[in-house]
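Here are my comments on the model you sent round, set out as numbered points so that each can be checked against the coordinates.

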Amino acid sequence: CRGYARALDAALGAFASISKTVDLNDNDALLSLVQSCIGTKFSSRWGDRVIEMAVQATLRVVQERGSSTGEGTVKEVDIKRYAKVEKVPGGEPADSRVLRGVMFNKDVTHPRMRRKIVRPRVLLLDCPLEYKKGDSNANVEITKEEDWNTLLRIEEEYIEHVCAQIVAARPDVVITEKGVSDLAQHYLMKANITAFRRLRKTDNNRVARATGATICSRTDEIQESDVGTQCGLFEVRKLGDEYFAFLEECDDPKACTLLLRGGSKDVLMEVERNLQDAMQVIRNVVLEPRLLPGGGAAEMAVSRALRAAADAATGVDSYPLRAVADAMEVIPRILATNCGAKVVRVLTELRAKQQTEGPTWGIDGTTGKVADMNAKDGPRIWEPYAVKVQTVKTAIEAASLILRVDDIVSGIKGQK
């Protein structure tokens, strides 16, 4: 096991030496990286549109946060929470795009409310705009007719008071996660405020990130800083048979919606899965901006480095290094086999090329020939450093675990 641990250290050192740092502003490098991920999947027939959407959406939700140690900052890329894929059947695939903002499947609560506002002030709530019903079963005994009218008036005054607190903040759009009563709709409509009700918590969080608003739990605690002013255009549009609310042209939004259009729901679901794969690739590169050459080039380079380390070692220590070096050559061997090449000849040529011309030479899976992954006219296959390193770590640790279990079992048998 100690020998395998040394082999792992040597492999990680070899990976670090042949990796190249990628500039996140270099769009061509990111596009070529994602192309090697989804080039053979269903969405490849859409051309580069899916790749460009994945790159745009992932870079848009990147946010700097303070590290847990309190020193410096770390990048947070929460694709699952802040990059929502909205699938709308119908239209052309060319209509698919990444919004500079967010959208959600809701219509205004009152037909006379405004459906288009430029530079709106957005207020987000998670409290109901209706009279609260008691949690316990309470009976009220009324002896006079005036008492009943008093009860109704108290409810109306409560709603009027809540709406007055909202109107005081001068919002143009109010979005709440709970209900909005008819009376509250009336007061908000009179104040020329557009209201939405029963929005999901996840959608509300995305709207907050995109518009710069803060979700308020009580209307009497609303402050000017809680109102979002980063949205450039609010509009309710009809797509297919349903209405969608768009909050677009936001200033530096940290959340986005990917609008997918296509012929059927099945096609859109497959494209969504491909999009998720592509966004995860970009996320890995954002967190660890280093790349390794693909096509078996990285594995062959590590194999060469481990063989050199094995030659320098003495005795039993060299055996684990040679074993891991042989295992690394499995990847280029399988690549050569899959594309119908002469395996022994291609592997020999690959070793020679790496020896003389560098570690970026690998196998082109289309032609079955040895090619330079860094050449402009080559296959240009690159893989995220974090994924490749984690794969090797997991494999060697799994092998070490099996060896430890074998040692324990053989020790028990010897004691008997």
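The points below take up helix packing, a salt bridge and two sheets in turn.

1. As a caution before anything else, this is a predicted model, and the remarks that follow should be read as describing computed geometry in that model.

2. I would begin with the N-terminal helix, α1 (residues 2-18), whose axis comes within 8 Å of that of helix α10 (residues 318-328), the two crossing at roughly 55°. Since angles from 35 to 65 degrees fall in neither the parallel nor the perpendicular class, α1 and α10 are therefore described as oblique to each other, and their crossing is right-handed. On the α1 side the contact is made by Gly3, Tyr4, Arg6 and Ala7, which meet Pro320, Leu321, Ala323 and Val324 of α10. By class, the residues of this contact comprise six nonpolar, one polar and one charged.

3. Arg6, which belongs to the contact just described, also forms a salt bridge with Asp317, with 3.0 Å between the closest N and O atoms. This pair links distant parts of the chain, given that Arg6 sits in helix α1 while Asp317 lies in the loop between α9 (297-312) and α10, 311 residues apart. In total, the structure holds 31 salt bridges. As general background, side chains of opposite charge can pair when their charged atoms come close.

4. Helix α10 has a further packing partner to consider in α9, for the axes of α9 and α10 come within 8 Å and cross at roughly 165°. An angle over 145 degrees counts as roughly antiparallel, which is why α9 is assigned as roughly antiparallel to α10; the crossing of this pair is left-handed. From α9 the contact involves Glu299, Val302, Ser303, Leu306, Arg307, Ala309, Ala310 and Asp311, and from α10 it involves Ser318, Leu321, Arg322, Val324, Ala325, Asp326 and Met328. These residues divide into eight nonpolar, two polar and five charged. Leu321 and Val324 of α10 appear in this contact and also in the contact with α1.

5. Helix α3 (residues 49-60) packs against helix α8 (residues 265-287) at an angle of about 50°, with the axes 9 Å apart, and that angle makes α3 oblique to α8. The crossing is right-handed. The α3 residues in contact are Val50, Met53, Ala54, Val55, Ala57, Thr58 and Leu59, and those of α8 are Val271, Leu275, Ala278, Met279, Ile282, Arg283 and Val286. Twelve of the residues in this contact are nonpolar, with one polar and one charged.

6. Turning to the sheets, one is an open, antiparallel arrangement of three strands in the order β1-β15-β18. Its edges are formed by β1 (20-21) and β18 (382-384), each of which has a single partner strand, so one side of each is left without a neighbour in the sheet. The antiparallel pairing of β1 with strand β15 (residues 290-293) rests on two bridges, and within it Lys20 stands opposite Leu291 of β15.

7. A further open sheet contains four strands, ordered β6-β13-β12-β7 and paired in the antiparallel sense. Here β6 (102-104) and β7 (116-118) occupy the edges with a single partner strand each, so that one side of each lacks a neighbour in the sheet. From one strand to the next the twist averages 25°. β7 and strand β12 (residues 233-239) run antiparallel and are joined by three bridges, with Phe234 in β12 as the bridge partner of Ile117. Helix α7 (residues 201-211) packs on this sheet, where it touches β6 and β13 (242-248), and the direction of α7 makes about 150° with that of β6.

Key. Residues numbered from 1 in each chain as written. Predicted model: local features only at pLDDT ≥ 70, side-chain atom pairs only at ≥ 80, totals over all residues. Heavy atoms only, no water. Axes fitted to C-alpha atoms, helices over the stretch in contact; angles between N-to-C directions. Parallel < 35°, antiparallel > 145°, perpendicular 65-115°, else oblique. Left-handed = near helix turned anticlockwise from the far one by under 90°. Contact = heavy atoms within 4.5 Å. Nonpolar A, V, L, I, M, F, W, Y, C, P; charged D, E, K, R; others polar. Pairing = 2+ DSSP bridges. Salt bridge = Lys/Arg side-chain N within 4 Å of Asp/Glu carboxyl O.
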